[in-house]
Amino acid sequence: MRIIRKAFVSLFFTFTLVSALYSYEADKIVSKSIYEQLESSGKIMKSYYKQGDVDLSLVPSTLLAQNLSKNLWPKKNEEPAFVRESLYLVPKSSLKSATGEVSIEEASRVIRRISTMQGIEYYSHNEERYTTLYDNAYCIKGADDRTRVADDVTGSADGKILYALLDDNSFGKTNYKMEYHQNEDEVCMHFINVTPLKFGPVKAVAKDNLHILLDISDCGNYFAVYILAKTKFPAFSFLEKTMNESFNARLDAIYDWFCKQFK
């Protein structure tokens, strides 16, 4: 019995050491001042409007976040109208999953369960209340084929490309391309609109003019969750306030969606 107990203790500490070696340290992937803010409030958000392709200050020093944030906006001759970045430090103890696993592998499955986005809520500034963001949300066959297919949650997400239809409360049915990347310590998804977002009769966001990065990094007892959005829309005065409020609310809803899938 004593030998078994020693073997178990040895295995536990070996597992703990290996886990530490293969995860980031939260206080090492951001500056000291940012880490102190995260410790205090759990999140930081910065939003920019009509300031061009701004210098990002919240990107974690992790492999995927660094590489993908630099190339999120592919149009070198055009600048986005709206840029927002958010960084959250989420204790794993606050998250749960059906399997009991709170890991990058489970986070990878969570962000590929597109159908679970159906019914998520956001704060509507027009209605001054929380309301449903996506009346329908599901994977589809391709960029121009809205035939419904099952969520793809098998294996690693790395290199996968999925397509999804999101039926938005304000912008109607929009097709998205979802590009995924994953390694031992990090997983991310890149949303790209492959059909326009419409605000009534107005084409609010043209095809390929909305890019959102959702990046999750394993920091031992925490997940660092980074969200970056860049978009361009017409400079109509009646649209500007609505669009700024709408995108801020939608990005908050994406973060809530991720966290609530661990339940």
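This report walks through some strands, ring pairs and charged pairs of the structure above.

## Getting started

Welcome to this structure. Please keep in mind that the model is predicted. The tour begins with a single residue in a strand, moves on to two hairpins, and then turns to rings and charges.

## Val 83 and its surroundings

A good place to begin is strand 2, which covers residues 82-91 and contains Val 83. Is Val 83 buried or exposed? Val 83 is buried, and its relative accessible area is 1%.

Which residues does Val 83 touch, leaving aside those up to four places away in sequence? Lys 46, Ser 47, Tyr 48, Gly 52, Val 54 and Leu 56 are among them, and so are Leu 228, Ala 229 and Lys 230. You can also look for Ser 69, which is 14 residues from Val 83 along the chain; the C-alpha atoms of the two are separated by 12 Å.

## Two hairpins around strand 8

Next, find strand 7 (residues 161-168) and strand 8 (residues 172-182). These strands run antiparallel and are joined by eight bridges. They form a hairpin, with three residues between them. Strand 8 also pairs with strand 9 (residues 186-193), again in the antiparallel sense, this time over seven bridges. Here too there is a hairpin, and three residues join strand 8 to strand 9. To see one rung of this second pairing, look at Tyr 180, whose bridge partner in strand 9 is Met 189.

As you follow these strands, a general pattern may help: in a regular strand, side chains alternate between the two faces of the sheet.

## Asp 167, a buried charge

Asp 167 belongs to strand 7 and stands opposite Lys 173 of strand 8. Which side chain of opposite charge is nearest to Asp 167? It is that of Lys 173, at 4.9 Å. A salt bridge needs a nitrogen and a carboxyl oxygen within 4 Å, and Asp 167, although buried, has no salt bridge.

Asp 167 does have contacts beyond its sequence neighbours. Setting aside residues up to four places away, Asp 167 touches Leu 133, Tyr 134, Asp 135 and Asn 136, as well as Gly 172 and Lys 173.

## Rings that meet

How many aromatic pairs does a search of the whole structure find? The search finds nine. One of them brings together Tyr 88 and Tyr 255, which are stacked, with 3.6 Å from centre to centre and 5 degrees between the planes. Tyr 88 lies in strand 2 and Tyr 255 in helix 5 (residues 237-260), so this pair ties together parts that are 167 residues apart in sequence. Tyr 88 is buried, with a relative accessible area of 4%, and Tyr 255 is buried as well, at 15%.

There is also a cluster to look for: ring pairs link Tyr 49, Phe 82, Phe 171, Phe 199, Phe 233 and Phe 247. Elsewhere, a charge meets a ring: Arg 250 lies over the face of Tyr 122, at 4.6 Å from the ring centre.

## Salt bridges

A search of the whole structure finds eleven salt bridges. One of them joins Lys 232 to Glu 78, with the closest N and O atoms 3.2 Å apart. This pair links distant parts of the chain, 154 residues apart: Lys 232 is in the loop between strand 13 (222-231) and helix 5, while Glu 78 is in the loop between helix 3 (63-70) and strand 2. Lys 232 is partly exposed, with a relative accessible area of 28%, and Glu 78 also counts as partly exposed, at 28%.

Another salt bridge is formed by Lys 92 and Asp 218, whose closest N and O atoms are 2.8 Å apart. Here the link spans 126 residues, from Lys 92 in the loop between strand 2 and helix 4 (104-110) to Asp 218 in strand 12 (residues 210-219). Lys 92 is buried, with a relative accessible area of 16%, and Asp 218 counts as buried at 12%.

Finally, Asp 27 and Lys 28 meet through their side chains in a salt bridge of 3.5 Å, N to O. Asp 27 is partly exposed at 36% relative accessible area, whereas Lys 28 is exposed at 54%. Together with Glu 25, Asp 27 and Lys 28 are linked in a network of salt bridges.

Technical notes
Residues numbered from 1 in each chain as written. Predicted model: local features only at pLDDT ≥ 70, side-chain atom pairs only at ≥ 80, totals over all residues. Heavy atoms only, no water. Helix = DSSP H or I, 4+ residues; strand = E, 2+ residues; numbered from the N terminus. Buried < 20%, exposed > 50% of the residue type's maximum accessible area, 1.4 Å probe, protein only. Contact = heavy atoms within 4.5 Å. Pairing = 2+ DSSP bridges. Lys, Arg positive; Asp, Glu negative; His and termini not counted. Phe/Tyr/Trp six-rings, centres within 6.5 Å; stacked < 30°, edge-to-face > 60°. Lys NZ or Arg CZ within 6 Å of the ring centre and 35° of its normal.
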